[in-house]
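Dear colleague,

I am handing over the structure we spoke about, and below it you will find what turned up when I went through it. Please read the notes with the structure open beside you.

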Amino acid sequence: MPADVQGDHLSSSIATELNTRGWDWYVDRIVSIGVFVGGVSAIIFIIGIFVFVTREGLDFALGSLDLKEFFTSINWRPTSERNPTYGILALMTGTASVTGLAMLVAVPFSLGAAIYIAEFASGRTRESLKVLVELLAAIPSVVWGFIGMSIMNPLIIEMFDVPVGLSVLNAGVILGLMAAPIMTTIAEDALKAVPDSYREAAEAMGATRWQVIFKVVLPAAKHGLMAAILLGVGRGFGETMAVLMASGHAINIPTSPFDSVRALTATIAAELGDTARGSDHYGVLFTLGIFLFVITFIINLIADVVVKGVGRQK
Amino acid sequence: MVDNAPKLSVRNLSVRYGDKQALNGISLDVFPNEIFGIIGPANSGKTSFLRALNRMEEFDANMTVEGDILFEGQDITAIRNVYALRRKVGVVFPLPVGLPMSIYENVAFAPKLAGIKKKAELDEIVERCLIRAALWDEVKDRLDALGSLLSGGQQQRLTIARALSQNPELLLLDEFSIAVDPVTTMRIEDVLKELKEEITIVLVTNLVQQARRLADRTAFFLESELIETAETEELFSGVVKDQRTRDYVEGRFG
Amino acid sequence: MSLFARTGLDEHNRRVEWLVRTLFLLMTVLLIIPVALIMGILIQRGAPALSWGFLTEVPTNGMTAGGIFTALIGTVWIVAVALLASVPIGVAAAVYLSEYAPDNWLTRAINLAIINLAGVPSIVHALFGLGAFVVFFGFGRSILAASLTLAVMTLPIVIVATRESLQAVPHAFREACWNMGATRWQTIRRVVLPNSISGILTGVILEVSRTAGETAPIMFTGAAAFLPFLPQGVLDQTMAMSLHLYVVSTQVPDVPDALPFGVALVLISMVLVMNATSIAFRIYLRNKRKW
Ligand SMILES: Nc1ncnc2c1ncn2[C@@H]1O[C@H](COP(=O)(O)OP(=O)(O)OP(=O)(O)O)[C@@H](O)[C@H]1O
Ligand SMILES: [Mg+2]
């Protein structure tokens with residue numbers, strides 16, 4: 001073919017060829033539009049979540065909701081015939097106490113495990129530990145809740161000689177065990193992201209292994225570790241089934257770890273089934289949903305910014 | 001030979017990577033059925049020139065190209081189907097890339113894109129291209145082996161075979177012999193001399209002697225500029241205007 | 001350092017090093033031991049409930065006897081429909097992000113949306129599913145509504161896993177194809193996808209395991225506490241394993257002790273087996289060199 005390409009006649013045929021779009025050109029176009037729609041769908045879904053949750057809760061939020069009562073009252077009595085009140089203060093303290101205790105459990109252990117896996121373990125051990133941590137992260141939350149009820153509950157009653165074992169302690173420990181594997185994975189990634197040249201430079205200056213870890217690696221991975229903790233907080237905050245089943249689900253401002261509490265998420269899960277669409281109770285549960293959505297959005301945004309901070313640092 | 005209309009006509013071509021100027025206002029013509037050599041020290045912009053010819057700025061958000069490139073009189077930045085252009089231009093870059101598919105599929109890839117479906121026809125193309133790339137004898141018994149697991153030199157020749165399988169009108173070679181032994185290099189060079197009866201070749205090379213052996217005309221690039229273009233024999237016999245060119249071909253710098 | 005005689009300081013350092021190492025090992029082990037113990041207890045107390053009949057019979061006597069057949073099949077339905085929705089969308093999104101997306105604000109917004117989809121509490125996904133699929137689109141409480149809710153929720157898993165395996169294919173292969181005149185799509189179809197399909201599958205298995213275990217998002221969108229029959233189509237409600245565990249352990253009086261343990265054991269086995277498969281698959285792939 002190319003041998004006889006000569007002269008003006010054929011050059012113009014080349015011009016035609018270079019300007020003719022074949023089916024493959026159009027197929028590529030169509031695919032690129034199709035996958036673009038797929039990509040944008042993530043944005044559509046996140047907006048959709050906000051819109052639809054708001055849509056169901058808006059009537060109530062704009063109408064009957066008393067913002068001051070909502071945030072400062074400890075009385076959550078949505079089913080009261082005469083005088084329903086919608087105060088979420090107790091629910092917030094419930095969520096906060098359980099999440100707080102969970103972080104107390106999860107942060108040291110997950111950071112410790114991440115340091116061990118990233119800095120000390122090697123080869124087979126490292127791989128096995130990582131796989132194990134990944135499997136732990138896979139246990140469904142309803143199973144964790146069940147463990148809280150059926151294994152932790154009697155254990156706590158017996159160990160501490162208390163009347164109920166479904167409490168801040170129970171839910172906190174369960175939630176800690178749930179969040180730890182995820183936090184370990186993220187923290188380990190952050191530690192691994194510290195370039196080996198940092199470690200080598202410090203070692204060349206005669207620093208010992210633990211000095212290298214504490215003085216060089218941890219400070220360098222600081223942002224990633226903070227993001228890991230934040231995501232753990234987000235996870236604990238948003239957890240529903242496990243907290244519902246292990247916390248005792250009683251409205252209470254806790255004064256000790258053995259008190260039963262009720263969490264924001266659990267309240268929605270427990271009550272939504274009994275409400276009629278359009279009722280105030282239904283509306284307030286969706287308003288809670290908006291609240292949860294906004295808070296997690298902020299947590300994720302902060303975590304994202306924190307991680308980006310690492311990127312800029314390098 | 002040079003009395004035809006140019007196959008390729010470059011005017012005032014500049015290439016930048018971000019703020020870094022890689023090629024500055026190059027103008028030259030390449031005529032049908034010649035081997036056009038490009039020599040020059042490292043970082044002088046030779047590879048960037050070839051990249052611009054295949055419109056590779058589209059793969060690299062950092063790369064910008066200005067100026068005119070006319071392929072058979074057609075401005076390649078104005079065409080509506082860039083894929084048709086790339087199918088007519090075969091390229092071989094110094095880093096060999098065997099695709100992670102069988103050797104056979106590597107070479108049949110471009111013909112299939114061009115719509116060739118008949119097994120016999122594909123077989124014929126695969127064999128012809130592998131023979132021309134001096135790879136056939138080594139791989140003819142294992143055409144279903146993965147192209148990406150061949151040795152570096154074999155992958156280099158596989159890349160050449162792939163470029164030939166496009167049945168290109170313009171073949172752009174960038175230091176094609178970098179990973180190939182001297183004897184095989186000679187065999188491929190002989191093939192190139194035969195090929196120029198059919199197609200036009202632009203040959204970027206670090207080996208000044210390779211340009212002398214193969215190229216009809218040769219351009220000398222230095223620090224993003226085209227210093228001069230001349231008949232290869234003139235360039236090597238010292239009949240050139242620019243002292244820097246003479247120094248370079250005589251190995252006095254770079 | 002070993003060239004010099006061991007000094008007191010050296011000895012001290014070695015001890016501290018050993019101590020630190022042991023401390024961190026201990027923390028790792030303490031993370032794993034309780035879970036191992038819990039698994040042991042689950043197996044010990046759930047095993048008596050397990051039998052072939054437990055898997056193949058429907059629950060009877062107000063769910064205090066019989067098996068889990070309807071819940072098991074219901075979970076299969078929910079997972080299958082969720083996959084049908086999320087895998088095409090997720091793979092498309094990943095292909096866009098990895099192969100087509102320019103580096104601009106929209107791409108950053110998509111990435112942020114993915115992070116948030118993964119981070120929104122499951123109960124908020126439940127509210128969304130109720131408000132959107134059950135009420136607004138009028139699917140009612142149904143497998144379709146429940147599965148779509150789960151599909152949205154697990155979309156990030158598919159996207160992230162797919163994007164990672166697409167990006168594991170070296171860029172040089174793409175350029176080689178483009179240089180021969182292949183379009184982006186031809187390159188994706190002939191080179192990128194064939195070399196990342198197993199990685200995508202790994203992500204899908206992971207998604208299956210996550211979908212099978214979720215409870216909150218399906219409670220109000222399509223899963224029922226008790227149904228005596230199997231679903232006939234996607235607009236029917238169904239029982240599901242995860243919700244069944246919640247119901248038998250909290251809502252039903254006089255359940256024999258072993259029953260919820262048996263349900264938990266089956267559920268956790270399903271999830272862990274799928275996860276282990278996905279991990280094994282990944283390790284196998286990593287060892288199979290293609291370039
Ligand atoms: N992809 C790229 N991104 C940024 N800068 C680049 C890129 N490719 C080349 N450059 C820069 O552009 C300049 C010209 O490079 P080019 O590769 O064209 O030179 P060359 O003549 O082919 O050199 P060599 O003989 O070493 O192959 C160099 O300074 C190089 O650093
Ligand atoms: Mg070069």
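In chain B, the side chains of B:Arg244 and B:Asp242 meet in a salt bridge, with N and O 3.1 Å apart. Please keep in mind that this is a predicted model. Of the two partners, B:Arg244 is partly exposed, with a relative accessible area of 41%, whereas B:Asp242 has 18% and, since the limit for buried is under 20%, counts as buried.

A second pair in chain B joins B:Glu58 to B:Arg55, whose closest N and O atoms are 2.5 Å apart. Here B:Glu58 is partly exposed at 36% relative accessibility, while B:Arg55 is buried, with a relative accessible area of 11%.

A third pair is made by B:Asp29 and B:Arg11, the closest N and O atoms of this salt bridge being 3.0 Å apart. B:Asp29 belongs to strand S2 (residues 20–30) of chain B and B:Arg11 to strand S1 (residues 8–17) of chain B, so the salt bridge ties together parts that lie 18 residues apart in sequence. B:Arg11 itself, at 34% relative accessibility, is partly exposed.

Beyond such pairs, there is a network of salt bridges that links A:Glu17, B:Lys7, B:Glu72, B:Lys88 and B:Glu169. Over all chains, the count comes to 37 salt bridges. As general background, side chains of opposite charge can pair when their charged atoms come close.

Turning to how the chains meet, 78 residues of chain C are in contact with 76 residues of chain A. The size of an interface is often given as the accessible area lost when the parts come together; for chain C and chain A this buried area is about 7,000 Å², of which 81% is on carbon and sulfur atoms. C:Phe24, C:Leu31 and C:Leu127 supply 10% of the area that chain C buries against chain A, and no other three residues supply more.

Between chain C and chain A there are 3 salt bridges, and in a salt bridge between these chains the side chains of C:Arg282 and A:Glu134 come together at 3.0 Å, N to O. The interface of these chains also holds 5 residue pairs in polar contact, both residues being at pLDDT 80 or more. On the side of chain C that touches chain A, helix H1 (residues 8–46) of chain C gives the most, with 19 residues, and by class that side has 57 nonpolar, 15 polar and 6 charged residues.

What does the domain assignment give for chain C? It gives domain 1 (2–49) and domain 2 (53–286), and the contact between them takes 8 residues from domain 1 of chain C and 9 residues from domain 2 of chain C. The C-alpha centres of the two domains of chain C lie 35 Å apart.

Together, domain 1 and domain 2 of chain C bury about 730 Å², with 78% of it on carbon and sulfur atoms. Of the area that domain 1 of chain C buries against domain 2 of chain C, 69% comes from C:Leu42, C:Arg45 and C:Ala49, more than from any other three residues. Across this domain interface there is 1 salt bridge, and C:Arg45 forms a salt bridge with C:Asp257, the closest N and O atoms being 3.1 Å apart. The side of domain 1 of chain C that touches domain 2 of chain C divides into 6 nonpolar, 1 polar and 1 charged residue.

With best regards

Technical notes:
Residues numbered from 1 in each chain as written. Chains lettered and ligands numbered in written order. Predicted model: local features only at pLDDT ≥ 70, side-chain atom pairs only at ≥ 80, totals over all residues. Heavy atoms only, no water. Domains from an automatic or database assignment. Contact = heavy atoms within 4.5 Å. Buried area = accessible area lost by both parts, 1.4 Å probe. Salt bridge = Lys/Arg side-chain N within 4 Å of Asp/Glu carboxyl O. Nonpolar A, V, L, I, M, F, W, Y, C, P; charged D, E, K, R; others polar. Polar contact = N/O pair within 3.5 Å; in protein donor to acceptor, adjacent residues only side chain to side chain. Helix = DSSP H or I, 4+ residues; strand = E, 2+ residues; numbered from the N terminus. Buried < 20%, exposed > 50% of the residue type's maximum accessible area, 1.4 Å probe, protein only.
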